[in-house]
Amino acid sequence: MKTSWRSASLVVSAVATLALTTACGQETTPPASSQNVGATAAAGDYGTAGTGLGDAADSGTAGAEAGAQGAATQTTPAGELSVSTNAELGQVLTDSAGLTLYRFDKDTAEPPKTNCEGDCATTWPPVPADDASAGAGVDKSQLGEVTRPDGTKQLTIGGWPAYRYAKDVNAGDTKGQGVGGTWYALAPDGKKAELADLPGLSTRKDADLGEIVVDRNGMTVYRFMKDEAWPKPVSACTGACLEKWPVVAPVANNDTKGVQKKGLMSFTRPDGAKQQTVNCWPIYTFAGDKAPGDTNGQGVGGTWYAVAPDGKPVGAQDKE
């Protein structure tokens with residue numbers, strides 16, 4: 001039986017489309033790396049880099065809810081300090097209740113001095129020095145105290161005044177990490193807790209968003225709702241957009257944890273740069289996120305959303 005030219009054309013077209021679709025799901029990912037790639041030039045509807053920044057907690061004000069919680073922990077004894085291993089921050093110092101202890105960049109350690117008073121001390125309750133003791137993994141010589149302006153004694157670790165965060169309500173919470181770019185979890189020696197060695201892409205449990213994808217630096221990964229995934233990835237974020245939303249560079253499949261493997265690939269952008277995808281959707285980080293755990297890009301412009309392990313936009317599934 002003879003096949004008409006029109007029928008043959010349709011068959012060829014269908015095969016080509018199928019090949020592209022299959023390629024999206026099967027393309028081999030280039031060597032591991034999750035460094036962010038920047039660029040410049042014209043824009044689009046990509047949101048504002050300042051959205052979500054300027055958390056009042058930088059100066060110590062985090063609202064009535066934080067104040068109420070802070071009052072409850074204001075004078076709670078630290079008890080026996082211990083060391084907790086956090087998936088994103090490595091070794092973190094905690095009190096006897098398992099609550100994370102923090103340090104403030106505006107304080108000093110030599111000599112020990114606190115600069116967190118008033119509303120700040122409500123959001124970030126100082127840890128009393130009384131009854132604090134060194135548990136397993138904690139060097140007793142690192143423990144000390146500083147007299148606060150109100151005359152009370154505050155625990156110091158390696159000279160740094162120690163605080164809790166009013167929004168940490170459960171053992172292991174680290175919601176204060178990176179707040180205002182000045183608050184950081186304490187390592188057992190008083191230094192800032194260091195980021196653990198993360199894969200190129202992995203997931204973390206966010207208190208508000210659930211399980212979301214993060215890059216090697218622990219930074220939240222996002223999707224742009226104006227992008228395309230099928231039959232091949234296409235990024236609608238170009239020019240000046242990329243200054244606020246740097247692309248995530250290629251990551252090897254074996255350098256990921258908890259992220260869906262199907263559609264985990266990279267593609268070449270028009271400018272020649274390589275960009276990683278999750279389920280074929282291009283992924284980015286946000287310039288407005290200053291520390292691991294930040295999600296300031298969530299919902300920006302109604303077009304940017306954190307990414308679930310299967311590549312879906314968290315909180316915007318109905319917009320797929």
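This passage walks through a predicted model of a protein chain, from its overall make-up to its disulfides, one of its sheets and its salt bridges.

A good place to start is the chain as a whole. It is built from 320 residues, and 47% of them count as buried. Its secondary structure consists of 4 helices and 19 strands. The contacts tell a story about how the chain folds back on itself: among those with a separation of 6 or more, 71% are accounted for by residues 24 or more positions apart. The accessible surface of the chain was computed as about 14700 Å², and carbon and sulfur atoms contribute 52% of that area.

Covalent cross-links come next. A search of the whole structure returned 2 disulfides. One of them joins Cys 116 to Cys 120, with the sulfur atoms 2.0 Å apart. The torsion about the S-S bond is -110° here, and the link between Cys 116 and Cys 120 is left-handed. Neither end of this link is exposed, as both Cys 116 and Cys 120 are buried. Further along the chain, Cys 237 and Cys 241 form a disulfide with their sulfur atoms 1.9 Å apart. The torsion about the S-S bond of Cys 237 and Cys 241 is about -110°, so this disulfide is left-handed. Cys 237 and Cys 241 are also both buried.

Among the strands, β8, β9 and β10 can be followed as a small group. They make up an open sheet of 3 strands in the order β8-β9-β10, and the pairing is antiparallel. At the edges stand β8 (143–147) and β10 (160–161); each has a single partner strand, so one side of each is left without a neighbour in the sheet. Strand β9 covers residues 153–157 and runs antiparallel to β8, to which it is joined by 5 bridges. To pick out one position, Glu 145 has Leu 155 in β9 as its bridge partner.

Attention now turns to charged side chains, where the count comes to 4 salt bridges. One of these is formed by the side chains of Lys 192 and Asp 105, at 3.2 Å from N to O. This pair links distant parts of the chain, 87 residues apart: Lys 192 sits in the loop between β11 (183–185) and β12 (201–206), and Asp 105 in the loop between β4 (102–104) and β5 (108–109). Lys 192 is partly exposed, with a relative accessible area of 33%, and Asp 105 is partly exposed as well, at 30%.

Another salt bridge brings together the side chains of Arg 204 and Asp 206, with 3.0 Å from N to O. Here both Arg 204 and Asp 206 are buried.

A further salt bridge is the one between Asp 255 and Arg 216, whose closest N and O atoms are 2.6 Å apart. Asp 255 belongs to the loop between β15 (247–248) and β16 (266–268), while Arg 216 belongs to the loop between β13 (210–215) and β14 (222–224), so the pair ties together parts that lie 39 residues apart in sequence. How do the two ends of this bridge compare in cover: is Asp 255 buried or exposed, and what does Arg 216 count as? Asp 255 has 16% relative accessibility and counts as buried, because the cut-off for that class is under 20%. Arg 216, at 27% relative accessibility, counts as partly exposed.

Note on methods:
Residues numbered from 1 in each chain as written. Predicted model: local features only at pLDDT ≥ 70, side-chain atom pairs only at ≥ 80, totals over all residues. Heavy atoms only, no water. Disulfide = S-S within 2.5 Å. Buried < 20%, exposed > 50% of the residue type's maximum accessible area, 1.4 Å probe, protein only. Pairing = 2+ DSSP bridges. Helix = DSSP H or I, 4+ residues; strand = E, 2+ residues; numbered from the N terminus. Contact = heavy atoms within 4.5 Å. Areas by Shrake-Rupley, 256 points an atom, 1.4 Å probe, with all protein chains shown as cover.
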